[in-house]
Amino acid sequence: MRKPKVPQRKPAPPKAAHAVPPGRRDTNVARARFPIVGIGSSAGGLEALEQFLGHVQAESGMAFVIVQHLDPTRKGGMVELLQRATKMKVVQVKDRTPVKPDCVYVIPPNKNMSIFHRMLHLFEPDTPRGLRLPIDYFFRALADDQQERSIGVVLSGMGSDGTLGLRAIKERGGLVVVQDPVTAKFDGMPHSAVETGLADIVAPVTELADRIKAYLEHAPTGMATRMSFEGKAKSSLDTVVLLLRSQTGHDFSLYKKSTLYRRVERRMAIHQVDRIATYVRYLQENPAEVERLFKELLISVTSFFRDAAAWTQLREEVLPSLLTNRPAGQPLRVWVPGSSTGEEAYSVAMVCKEAIERSKPRVNVALQIFATDLDREAIDRARQGFFPANIVADVESERLARFFTKEEGGYRVNKDVRETIIFAVQNLIMDPPFTRLDLLSCRNLLIYLEQELQKRLLPLFHYSLASGGFLFLGSAESIGGFTDLFTPLANKSRLFRRNETPARAEAVEFPITYPGGAGPSAEPNRTARTPLNLQTLCDQALLSRFAPAAVLTNDKGDILYISGRTGKFLEPAMGRANWNILAMAREGLRYDLMIALHKAACQRGPVAVHAVHVRTNGSEEQVDLIVEALEEPAALRGNILVMFKQSAVMSETASRGKAHPDRGPRPAHIEKELQQLREELQTTREEMQTSQEELRSANEELQSTNEELQSTNEELTTSKEEMQSLNEELQTVNAELQGKVDDLSRANSDMRNLLDSTDIATVFLDRDLNVRRFTSEATKLFKLIATDVGRPISDLVSELQYPDLLDDARRVLQTLVFVSRDVPTKTGSWYTVRIMPYRTLDDRIDGLVITFADVTEHRRATETVESQLAELYEKAPIGLAVLDADLRYVRINRMLADINGLPTSAHIGKTVGQIVPGFELHARTICAEIRKNGRAVTDYEVSGECPAQPGVRRVWLQSWYPFKDNTGRLAGYSVIVQDVTERKRAEEQRAQSPTRLNAALPS
């Protein structure tokens, strides 16, 4: 058996020079709000409990509550056993027992235990026996009561009790401690806890107490944490976020800072670090700790049917409305972002299946659920669909029996539920969303995100939902100010219906890929990549260019940011607001600006246009344009910077006007040419404007096409997942079929060897009396070869003299009564032919089995014995006869026939009374006695005359033996007749001899 893989201990980071001395904070905690440690183990975990308590100091300032699996019928003796291992006071819990520090509390047998306001309460178990989960029950109560101060310890034990309770402790920010499964006598419970990835400390039981004490000495507490967070330099936390993004590709900058800092402080406490700067240095030196912190931030506590009232509302109100009048072929599409290990996704699938069965829609509705999460390991566990046995606390027994299959160690989701869900790794912030959804279930995810990110996600959810779709949020989440996008079903309801609000369509900000992140491979839209703080980035770029008046645009000319006074060069265009720089350019500037923008987009380096005439409020000025496509910083790459500088050289016309103020007007032909050039320029501008609008329209179409391609990509990804799932199922089926083929080959080999070893010719026929299979011995009776399989048996040449073979075969198929006959062959051999129905394993008649047993030698031996018996029968010196039940002669030998005075042939078929009339009464008397007693009558003496010797009195001894047929009924009698006349006379003479002798002697 392979040992479970457990996390290896990492070397502790260097402690800060001003770390709090051990014991100081411990004493303060004990005086204020001492920690309560819940310990779970099975009844066989006494050794682990003794070792754990043996390493706890007598005045640790902690309280320990032990919950075990105990036999409900036995009196608990755990208190006396544990008292020997510790100097702390050990007591068995009574109802409403207050918890005090430096004490050990033991759960009594046949009780469930909870805690409320540091007081232990006892309850009767829900079921008298069977699967109980007292550890989960107490751990959940401890998490609710102690919040982030709760500590759960799992020691040696069988099963998976405690796993769900550890999730609750982890959700509240408590500490999860697990005994190393390798050192556990029973590794079921520790192994189940380690597999969840929730364990903060995994170590041998002898080290756990010291590790907990070290954690408490550095653990954050309440107000001190908030004050320290407010007083900490933000740069340290920003550095942590940058380290996470550079190594994992995921950005946590928009996660709630309090949540981030609380998780960082937990890791600092585990490593006994007091300064965040020291922990940052430890992160830089240990990439494995970055991954561990990343996993810590991804901890998403979930369970089946969390907040049962909301699930009931979903099934009773929401799903029936989605199923009513649904078009044929349109599946019910659901997206579950942040699905973690799959409990919520499977809950949605089960509720949807129940709703579909209850609604009974007019067409079959397919169910298509997309479950995504950032954690690949969680998605892999969700795909397996296997959960520990303690889910019985969250899943009703009916659902458990209907949607799960019991396996060793837990329950597995049934295949029909699993096939409706597609699990995939997805970053909700950076990856494209699923669309055309009927239901979007995003529960207990938004509470970890900043308001700024929530404001981006809720319009995205609105975009993803189809018309009439629903959004399902957690109990602590709301839609904020997006009441125009969603409408709650009822007051305080967590279910929201999508509103048709096209006005907000422009506010949808699609997910983007951060630089260096693990986003989509395709280049993101440049407009969408515009940094959130444009002022800082733009000002940095302008400072290097002496901060002239400038405008930052994207590659289409849309203004993103304005720096300095640009009113001389730009003015709002008439009509609907248009922030394109070409639309806002003043007269004289637009043409040169358009050409410069085009050149800047096509070449590297800045594009300069000098002495451009711009008309501003009735006057004319000259300006130098500098247009440059930005490459640095990376966040602004692809955007264009337009700078305006006052021209240093006056135009020739202006200078001449000042030198010769009284010069006359220009010639008429020059004015005419100039006007013509202006008209051509205006025409060119209008054509370019038209081209620009067409390009903008084409760009919008391309954007629409891009969205469709994204949707197609999602569907292809879905199809890929389905194909992978189908491939896995095909591999499983292929393995099963290969096993079946191997079993069939072995069965065929066994049958072949069995048939060949019997030396009995056998022919298998189908229902149409065609040959299905035959043994090698059958080729001696029928001219059979391998290609005769499938031919009617009537077409085969046979050595048997059995013309009724086909008739008997059809009769057996009709009556299902087998036929057995002895049939000769043309060569003089004899075979016993048995025709029997062919029965399948499911007791169906699927043809016939005909066996041919060679009985030639047996028949010859029988004939020899019969001839010898007949000869002996005829030559016997006594009379022999066989009578049927009606006393008719069936067989008689010559000796008895001579006594009766008739030939043997005259006896056959006639009764005793017809042959010997005077003997009929005696015969019937003997038969009556045989039927009464069921035994033979022997040595019955009869005297009289026989037809062979009339006038001579004879004496016979008769013995009558009954024989029965196959059914046990009396079939007749065997009679033995012996003539004892001479013997009787001799006996009489011997008896008379003394009398004669006495008469002859003188007196």
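**View 1. Five strands side by side in an open, antiparallel sheet.** This close-up comes from a predicted model. Read across the sheet and you'll meet the strands in the order β27-β26-β30-β29-β28. Who sits at the edges? Strands β27 (771-774) and β28 (819-824), each of which pairs on one side only. The sheet isn't flat, either: going from one strand to the next, the twist averages 20 degrees. If you're wondering what links strands like these, they pair through backbone hydrogen bonds, either parallel or antiparallel.

**View 2. Zooming in on β29 and β30, an antiparallel pair.** Strand β29 covers residues 830-839, and strand β30 covers residues 845-854. How many bridges join β29 and β30? There are eight bridges between them. To get your bearings, look for Val833, which stands opposite Phe852 in β30.

**View 3. Seven strands in an open, parallel sheet.** Here the order across the sheet is β3-β5-β2-β1-β8-β9-β10. The edge strands are β3 (89-92) and β10 (201-203), and each of these has a pairing partner on one side only. Twist shows up here too, averaging 20 degrees from one strand to the next.

**View 4. A closer look at β1 and β8, a parallel pair.** Strand β1 runs over residues 36-42 and strand β8 over residues 151-154. Four bridges connect β1 and β8. Which residue of β8 is the bridge partner of Gly38? That's Gly152.

**View 5. Helix α15, with its buried residues on one face.** This helix spans residues 376-384, and its buried residues are Ala378, Ile379 and Ala382. Why do they line one face of the helix? Imagine looking down the axis of α15: the buried residues fall within an arc of 100 degrees, so they end up lining one face. Now check the other side of α15, where Arg376 and Gln384 are exposed.

**View 6. A nonpolar patch on the surface.** Three residues make this patch: Val865, Leu869 and Leu872. Together they give a nonpolar area of about 290 Å². Let's pick out Leu872, which belongs to helix α25 (residues 856-875). Is Leu872 buried or exposed? Leu872 counts as exposed because its relative accessible area is 58%, and the cut-off for exposed is over 50%.

Technical notes
Residues numbered from 1 in each chain as written. Predicted model: local features only at pLDDT ≥ 70, side-chain atom pairs only at ≥ 80, totals over all residues. Heavy atoms only, no water. Patch = residues over 30% accessible without salt bridge, like charges linked within 9 Å, V, L, I, M, F, W, Y side chains within 5 Å. Areas by Shrake-Rupley, 256 points an atom, 1.4 Å probe, with all protein chains shown as cover. Salt bridge = Lys/Arg side-chain N within 4 Å of Asp/Glu carboxyl O. Helix = DSSP H or I, 4+ residues; strand = E, 2+ residues; numbered from the N terminus. Buried < 20%, exposed > 50% of the residue type's maximum accessible area, 1.4 Å probe, protein only. Pairing = 2+ DSSP bridges. Axes fitted to C-alpha atoms, helices over the stretch in contact; angles between N-to-C directions. Arc of directions from axis to C-beta.
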